[in-house]
Structure formats: structure tokens, C-alpha cells
Amino acid sequence: MGPACLGCPFMPSLNLLRYDEIRKRAGGELRILFSYLDTDEGTAIYHNAGLFLGNLEDSVIGLIDALVEKKIAVLHGFFWASIGDLKASLLLAFTGHSRQAKVSLRTALELFFWGLYFQYKKEVSREKAEELFEKWLEGTRDRPRFMSSIEELKNKGVITENTYSEVKDLYSELSKYIHAFLGSEFERVALGEEGPARPSSANMSLEELYDWYLAFGRTCYAIIQGLLDAIKYFSVKIPERTLKGILLLAKIYEKGPIKEPLDFVDCPFLKKLKQQ
């Protein structure tokens, strides 16, 4: 047992380092990860996605005291969980599971805005908020629905029209990857791309990785938009650490699609990469 199992010769689905028997750009998850990071484009996307994630982490950590002081623990807890799904999405994307990575992006988006919704409902009526939360948790027929809840937040002035529009469009786009085979191994086989492959194969595609990165950036930015709306609505004082993170994240996002690593750490490897 141990690291040797990652290269298991008996069970292909457990062999995370294997080469696909037929297709050149498919195989074990760790092999796909290493293959992505062996390209300039993959390294840049990995680095810049980490910058998005790191600034969101700084935001949630920096806001702990301010949110506790305002007794906004519900939003903080959901925000924390949302970042966990963003990290899971990053790992899925870089190990060759782009469809599942986008499913995790939708979950991350939902979690943050559900937190904002239940926090708002708690401010109106604690009992009603707890009732709605239980229905949401249990998935009952009369549970609150995501887009209806987001629309209520807009109508009550908790989030802006711009935030609502962005969340609505992004949610619709990401939902396609839950209700279809888009980007799956089945779709590739059906289209006859490089022959058949195992259902458990991970797939390397810089085009799909780049497409995921754009969706990842949009999701992070939508969450930041919602966070800024919440800070204003609940009159929370923004700590300096959080403000710096938000401003840097906004700057990265507004630059649009980028194919090289951004300077935010003193990393000799990245400096060498940018000089090539």
C-alpha cells in the first residue's frame, strides 16, 4: 500500500499515473496534472487561478472579526464552504475532468448566495430563516429555489441589478454541465475523437482548461460582487487585508483572458517562464 498504488498495474481506474492505451491526451489524473504544468499555458492558468483563490481566502479570513461583530455568521460559514468548492473545481480541471470542474463552480456560486439569502432572511425573522433552511437542506417540494431567492435579494436591495444579472447568466451557463454530457468522455467517444477511451480516463485539453479558467474567474468575481453588496447592506467595515484582496482580484478579472502568469509573488520559476 502507499504511493505505489498510484501506479496500480491491475486497476486502470486507480492508476493515476497511467498512459491511456489508445489516446495520447488521456490517462491517469496525476499524469494529466503534470502534463498541464509542463506547458506555459497550463502553468499560467494554474498560477492565475491560484491568485483568484488566494484573494478570496484572504477575504474570508480577513472578514472573520468584522462579521462576528455584526453577528453575520451564516454568510461567513457559507462563504467558507464556497471557497472549498472553488478549490475542488481547480483540482478537477487540472486533473482532466473539466465537466465536473464546472459543476463544482455552480455549487460554489450557489453556496455563497444561499449564505447571503439565509443571512438576509435571518435578519427579517430568525424562525422563518431556520424553517427555510431546513426545507432547503432536506430538499422538500416547497424548499426555496435558487433563482427565486436571488431575485428576492435583488428586489429587497440586498444585491444590485448588475450582480443579479451576472449570477443569473452564469448560473444558467454552468447548469448545462449538470444536465448534459457536455465535455464528457462519452461525448468525445461519440464524436469519434481519437478513438474510444475508458470512462474513467482523464482528458487533457488546453482549450477546455482555458474555457474552465474563464468560468472560474467569472464565478470568483460574481462572489466578490455579492460580498461587496452584502458588506454595504449589512454595514460591515472592510478590513484592510480584505480590501487589498478584493481590489487585486478585481484588477486581475478586468484584465480579461490572460495567457501568462501575473506578478504577485517573488517566484524565480515564474520569472524565468515570463522571460522565455
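Here are three short exercises, with solutions, on a predicted model of one chain.

**Exercise 1.** Work out how many helices and strands the chain has and in what pattern they follow one another.

*Solution.* Start with the tally: 12 helices and 2 strands. Next, walk along the sequence, and you get β-α-α-α-α-α-α-α-α-α-β-α-α-α. For burial, 46% of the 276 residues count as buried. Last, take the contacts with a separation of 6 or more: 73% of them join residues 24 or more positions apart.

**Exercise 2.** Compare the span of helix α5 with the expected one, then decide whether the helix is mostly covered or uncovered.

*Solution.* Helix α5 covers residues 98-124, which is 27 residues. From first C-alpha to last it reaches 40 Å, close to the 39 Å expected at 1.5 Å a residue. Now for burial: 20 of the 27 residues in α5 are buried, so call it mostly covered.

**Exercise 3.** Describe how α2 packs with α10.

*Solution.* Two numbers do the job for any packed pair: the angle between the axes and the distance between them. Here, α2 (residues 40-62) and α10 (residues 206-233) pack at about 15°, with axes 11 Å apart. Since angles under 35 degrees count as roughly parallel, that makes α2 roughly parallel to α10. The handedness of their crossing is left-handed.

Then look at who touches whom. The α2 side includes Ile45, Phe52, Leu53 and Leu56, while the α10 side includes Leu209, Trp212, Phe216 and Ile223. Sort the contact by class and you find 15 nonpolar, 4 polar and 1 charged residues.

Definitions and conventions: Residues numbered from 1 in each chain as written. Predicted model: local features only at pLDDT ≥ 70, side-chain atom pairs only at ≥ 80, totals over all residues. Heavy atoms only, no water. Axes fitted to C-alpha atoms, helices over the stretch in contact; angles between N-to-C directions. Helix = DSSP H or I, 4+ residues; strand = E, 2+ residues; numbered from the N terminus. Parallel < 35°, antiparallel > 145°, perpendicular 65-115°, else oblique. Left-handed = near helix turned anticlockwise from the far one by under 90°. Contact = heavy atoms within 4.5 Å. Nonpolar A, V, L, I, M, F, W, Y, C, P; charged D, E, K, R; others polar. Expected span 1.5 Å × (residues − 1). Buried < 20%, exposed > 50% of the residue type's maximum accessible area, 1.4 Å probe, protein only.
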